[in-house]
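This briefing goes through one protein model by topic, for a reader who has the coordinates open alongside. Please keep the sequence and the structure in view while reading the points below.

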Amino acid sequence: MIERFLKQTKFTSVEDYNKNLEFIIPENFNFAYDVMDVWAEEKPEGLAILWTNDQGEEIRTTFAELKKQTDQAASYLQSLGIGKNDPVMLILKRHYEWWVIMLALCKIGAIVIPATHMLTKHDYVYRNTRASVKAIICADDDYITGQIKLAMSESPTVKQYIALGEVEGFHNWRKEWQEAPKFQRPAFVNDNDDTMLMYFTSGTSGEPKMVAHDYLYAMGHLSTGVFWHNLHPGSLHLTVADTGWGKAVWGKFYGQWFAGATVFVFDHEKFNADTLLRQMEKYKVTSFCAPPTIYRFMIREDLSKYDLSSLEYCCTAGEALNPAVFDKLKEKTGLNIMEGFGQTETTMTLGTFPWMTPKPGSMGIPNAQYDIDLLRADGTSCEDGEKGEIVIRVGDRKPIGLFKEYYRDHEKTREAWHDGYYHTGDMAWRDEDGYYWFEGRIDDVIKSSGYRIGPFEVESALMTHPAVVECAITGVPDDIRGMVVKATVVLGKEWKEKAGEDLVKELQQHVKKETAPYKYPRIVEFVDELPKTISGKIRRVEIRNKDAEK
């Protein structure tokens, strides 16, 4: 498959990859037709999806079967008046239908807007209005459909409401979709620069922006699945991500199917490390990707209880990986965690590839499809060892995988993308081997007594203490130092009863030993959980705001 889209398909070194990665870009590329339907012809009995849930149900779908299902679904959507350039919001959790409908909408040229099941009425009204959503397809969940109903009177652009099951006022997907006539492919579906997919970024402050991606965004994830995840046609890959997050198409869709791998899905309501590990054991998952939070909970289990002998490869992204987590998994399984970095606006921009030796805590090197640099505040390039903002240099032609724009928001687009650079807003430094090391968001950097302290370096030091499950580092205003470092800490269950001044002092001394002493947290607060965005990222801004109120 990938030989259709790459001039060279195998790489043996960083130098080889950087020099020879070159895409073959067809006209009017459409992932559903040009990848998935081709697999249905060339590998009809190949397993495309292995889906299971926490009720013991199971679905195994071949590429040939998936083509039939997506054609039928596309025909049904057309029968409801949905077609090219129509924005359609999907709130389907990890239900099987998400994969079918994502491909069906691609086949008719509609714009897909995946969304999380945690949205409220306000969220729906905002999204429906900002994106002129024409149809909503959702799980038959009382909370989801209840919030959608509350938003209906303030969502005049929405013409069709479809639920997976029986819900008053909604079409019934499972009852109706197979009754549609035979699918007829539209005469013209898309240009490469048409909008295919949009995400509302969860953000750590303010209303979310609409990130618009073109049809070549899917091709940008070829590197994600084939090279970063190191997948092949025999792989059974599991990425832990809700389908409302951008991470879902990173790890459960485009790149995995470019590789011809099987996408493994575990549909569950509540995360439990033991349950997840049992699923990996039962189905013999070979490749795994999850945010560091998931790994943190997994390594607190007794991994000797599980047969993970089928597991060949592990990756992580979504937030920075603490080296202590890397070391613990390596100790217990012998496997490295290959870190990557990117945003909703991009595909993987930095990564640790199979031909590299990982450095625990490093995001890796630039993906060769992007021209990455680190910039100082004055716009000049940083030297090795110097902290700066991660940027993508954009020349005459937009890199494959980079977003088109913030939809209907020229001002926000201009703020992030100007003078030939896309500005990520993330800080890092680069070592002498070209590996990048995450520091934090620009707004999260703490300035104390003349020092600039990145929250991640202190969090990584704290995470090496056995008491700490999760933590967030923020700055608190101080009359003398300008700001002081504060640690908000979630303790392991066996440590909760020890929360107090003695443990505070122990954690402070621990940080002083693990990193430069001036970075230690002068304030430590123990909490049951950290505030997070709907995509699971820590909301340090919320901690700062609460402290300001105090």
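One aromatic cluster in this predicted model is formed by Phe5, Phe29, Phe31, Trp98, Trp99, Tyr217, Phe253, Tyr254, Trp257 and Phe258. Two of its members, Phe31 and Trp257, are also the residues that touch the most other members of the largest nonpolar core, which holds 89 residues. The points below begin with the cores and helix α2, and then turn to aromatic pairs, strand β21, buried lysines and positive phi angles.

**Nonpolar cores**

- Within the largest core, the largest share comes from α4, which supplies 10 residues.
- A second core, separate from the largest one, comprises 50 residues, among them Leu50, Leu321, Leu335 and Ala487.
- Beyond its neighbours up to four places away in sequence, Trp257 touches Phe31, Val35, Met36 and Trp39, together with Ala48, Ile49, Phe63, Leu66, Trp99, Leu103 and Val263.

**Helix α2**

- Helix α2 covers residues 31-42, and at 1.5 Å a residue its 12 residues should span 16 Å, which agrees with the 15 Å between its end C-alpha atoms.
- Because nine of the 12 residues of α2 are buried, the helix is largely enclosed by the rest of the structure.
- Those buried residues are Phe31, Ala32, Tyr33, Val35, Met36, Asp37, Val38, Trp39 and Ala40, and they pack against α3 (63-79), α4 (97-108), α8 (216-220) and α11 (254-258).
- Where α2 starts, a side-chain oxygen of Asn30 comes to within 3.0 Å of the backbone nitrogen of Ala32.

**Aromatic pairs across the sequence**

- The whole structure contains 32 aromatic pairs.
- In one of them, the ring centres of Phe11 and Trp355 are 6.1 Å apart and the ring planes stand at 55°, so the pair counts as tilted.
- Since Phe11 lies in the segment before α1 and Trp355 in the loop between β15 (348-351) and β16 (362-366), this pair ties together parts that are 344 residues apart in sequence.
- Both partners are buried, Phe11 with a relative accessible area of 10% and Trp355 with one of 18%.
- Tyr17 and Phe227 form an edge-to-face pair, with 5.9 Å from centre to centre and 70° between the planes.
- Tyr17 belongs to helix α1 and Phe227 to helix α9 (residues 222-228), so that this pair links parts of the chain 210 residues apart, and both of these residues are buried.

**Strand β21 and its partners**

- Strand β21 (residues 421-430) has nine of its 10 residues buried, and is therefore largely enclosed by the rest of the structure.
- Strand β18 (residues 388-393) pairs with β21 in the antiparallel sense over five bridges, and Arg393 has Tyr421 of β21 as its bridge partner.
- Strand β20 (residues 417-418) is also paired with β21 in the antiparallel sense, over two bridges, with His418 standing opposite Tyr421.
- Strand β22 (residues 436-441) pairs with β21 over five bridges, again in the antiparallel sense, and Tyr436 in β22 is the bridge partner of Arg430.
- The hairpin of β20 and β21 has two residues between the strands, and Asp419 takes a positive phi near 55° there, whereas the hairpin of β21 and β22 has five residues between the strands, and there Gly434 takes a positive phi near 90°.

**Buried lysines**

- Lys486, in strand β26 (residues 482-491), is buried, with a relative accessible area of 3%.
- The side chain of Lys486 makes a polar contact of 2.9 Å with the side chain of Asp547, and other residues that Lys486 touches include Ile473, Pro521, Ile523 and Glu525.
- Lys519 lies in the loop between α17 (501-514) and β27 (523-527), and counts as buried because its relative accessibility is 9%.
- Setting aside neighbours within four places in sequence, Lys519 is in contact with Ile453, Glu457, Val458, Val485 and Val511.

**Positive phi in loops**

- Most residues other than glycine have a negative phi.
- Asn28, in the loop between α1 (14-20) and α2, has a positive phi near 50° and is partly exposed, with a relative accessible area of 33%.
- Lys284, in the loop between α12 (273-283) and β12 (287-289), has a positive phi near 60° and is exposed, at 51% relative accessible area.

Technical notes
Residues numbered from 1 in each chain as written. Predicted model: local features only at pLDDT ≥ 70, side-chain atom pairs only at ≥ 80, totals over all residues. Heavy atoms only, no water. Helix = DSSP H or I, 4+ residues; strand = E, 2+ residues; numbered from the N terminus. Buried < 20%, exposed > 50% of the residue type's maximum accessible area, 1.4 Å probe, protein only. Polar contact = N/O pair within 3.5 Å; in protein donor to acceptor, adjacent residues only side chain to side chain. Contact = heavy atoms within 4.5 Å. Expected span 1.5 Å × (residues − 1). Core = buried A, V, L, I, M, F, W, Y, C linked by side-chain atoms within 4.5 Å. Pairing = 2+ DSSP bridges. Phe/Tyr/Trp six-rings, centres within 6.5 Å; stacked < 30°, edge-to-face > 60°.
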